[in-house]
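Student: I have a model open and would like to go through it by question and answer. Please keep the replies short.

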Amino acid sequence: MATNRRKTSKTKKEETNWQERVIQIRRVSKVVKGGKKLSFRAIVVVGNERGQVGVGVGKASDVIGAVKKGVADGKKHLIDIPITKSNSIPHPINGTGGGAKVIMRPASPGTGVIAGGAVRTVLELAGVRNVLAKQLGSNNPLNNARAAVNALSTLRTFAEVAEDRGVPVENLYIS
């Protein structure tokens, strides 16, 4: 019995490690034979503020069920992000998702997260503290969140680039 208690306490610690933020809850309807069936769609961002973030969508007949499904979906779609010592991103990057485009640039320490809407939520839960971001095109929160995740997933560190090119990391700074 004692081992079961220990396991549950570990899982609770892992659960508290993740933060969830609901971006949008929308009431949607489906036309069926008897009329309209109402349900709720929740867009949720899940992150641990240490370089992992995911966006999930959940749909259920009640709001709480939709949020729970969104959290589970977000944890299924986690990505890892390289974060610099100054809590920024390594290089400028663009991302797309549906009709939304997102531009991100690294910023100096003390700048903060300068971004709007869903992109801001994704960056904060990813653990990025200093960044400049701009949404272009669509204002759809789901597409903007997916564009931000798309941009963050294509980030590479200097070490990865040096390894791909077959040169020492020091040679990247010279030019």
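Student: Why are Glu124 and Arg120 separated by about one helical turn?

Tutor: This is a predicted model, in which local features need pLDDT of at least 70, side-chain atom pairs count only at pLDDT 80 or more, and totals for chains, interfaces and linings use all residues. Residues are numbered from 1 along each chain as its sequence is written, and side-chain values use heavy atoms, with hydrogens and water left out. Helices (H or I, at least four residues) and strands (E, at least two) are DSSP runs, numbered from the N terminus. Glu124 and Arg120 are about one helical turn apart because both lie in helix α3 with a spacing of four residues.

Student: At what N to O distance do the side chains of Glu124 and Arg120 meet?

Tutor: The two side chains form a salt bridge, defined as a side-chain nitrogen of Lys or Arg within 4 Å of a carboxyl oxygen of Asp or Glu. Side chains of opposite charge can pair when their charged atoms come close. For Glu124 and Arg120 the N to O distance is 3.2 Å.

Student: How many residues apart are Glu124 and Arg21, the pair that links distant parts of the chain?

Tutor: Glu124 also meets Arg21 in a salt bridge, at 2.7 Å from N to O. Glu124 belongs to helix α3 and Arg21 to strand β1, and their separation along the chain is 103 residues.

Student: Is Asp164 buried or exposed?

Tutor: Asp164 forms a salt bridge with Arg156, with 2.7 Å between the closest N and O atoms. Buried means under 20% relative accessible area, exposed over 50%, and partly exposed in between (1.4 Å probe, protein chains only). Arg156, at 37%, is partly exposed. Asp164 has a relative accessibility of 55%, so Asp164 counts as exposed.

Student: Which residues do salt bridges with shared partners join into one network?

Tutor: The structure holds four salt bridges. Where partners are shared, the bridges make one network of Arg21, Arg120 and Glu124.

Student: In what order do the four strands form the open sheet?

Tutor: Two strands pair if DSSP finds at least two bridges between them. Strand β1 (residues 19-32) and strand β2 (residues 35-47) pair in the antiparallel sense over 13 bridges, and the two form a hairpin with two residues between them. The open sheet has antiparallel pairing and the order β1-β2-β3-β4.

Student: Which residue in β2 stands opposite Arg26?

Tutor: Arg27 faces Phe40 across the β1 and β2 pairing, standing opposite that residue in β2. For Arg26, the residue opposite in β2 is Arg41.

Student: What angle does the direction of helix α2 make with that of β3?

Tutor: Helix α2 (residues 63-76) packs on the sheet and touches β1, β2 and β3 (52-60). Axes are lines fitted to C-alpha atoms, for helices over the stretch in contact (heavy atoms within 4.5 Å). Angles run from 0 to 180 degrees between N-to-C directions. The angle between α2 and β3 is about 145 degrees.

Student: Is Ser39 buried or exposed?

Tutor: Ser39 is found in strand β2. Leaving out residues up to four places away in sequence, Ser39 touches several residues, including Arg26, Arg27 and Lys59. The relative accessibility of Ser39 is 14%, so Ser39 counts as buried.

Student: What distance separates the C-alpha atoms of Val128 and Ser88?

Tutor: Val128 is in the loop between α3 (117-126) and β8 (131-137), and at 0% relative accessibility Val128 counts as buried. Among the residues that Val128 touches, not counting those up to four places away in sequence, are Ile83, Ser88 and Leu123. Val128 and Ser88 are 40 residues apart along the chain, and their C-alpha atoms are separated by 5.4 Å.
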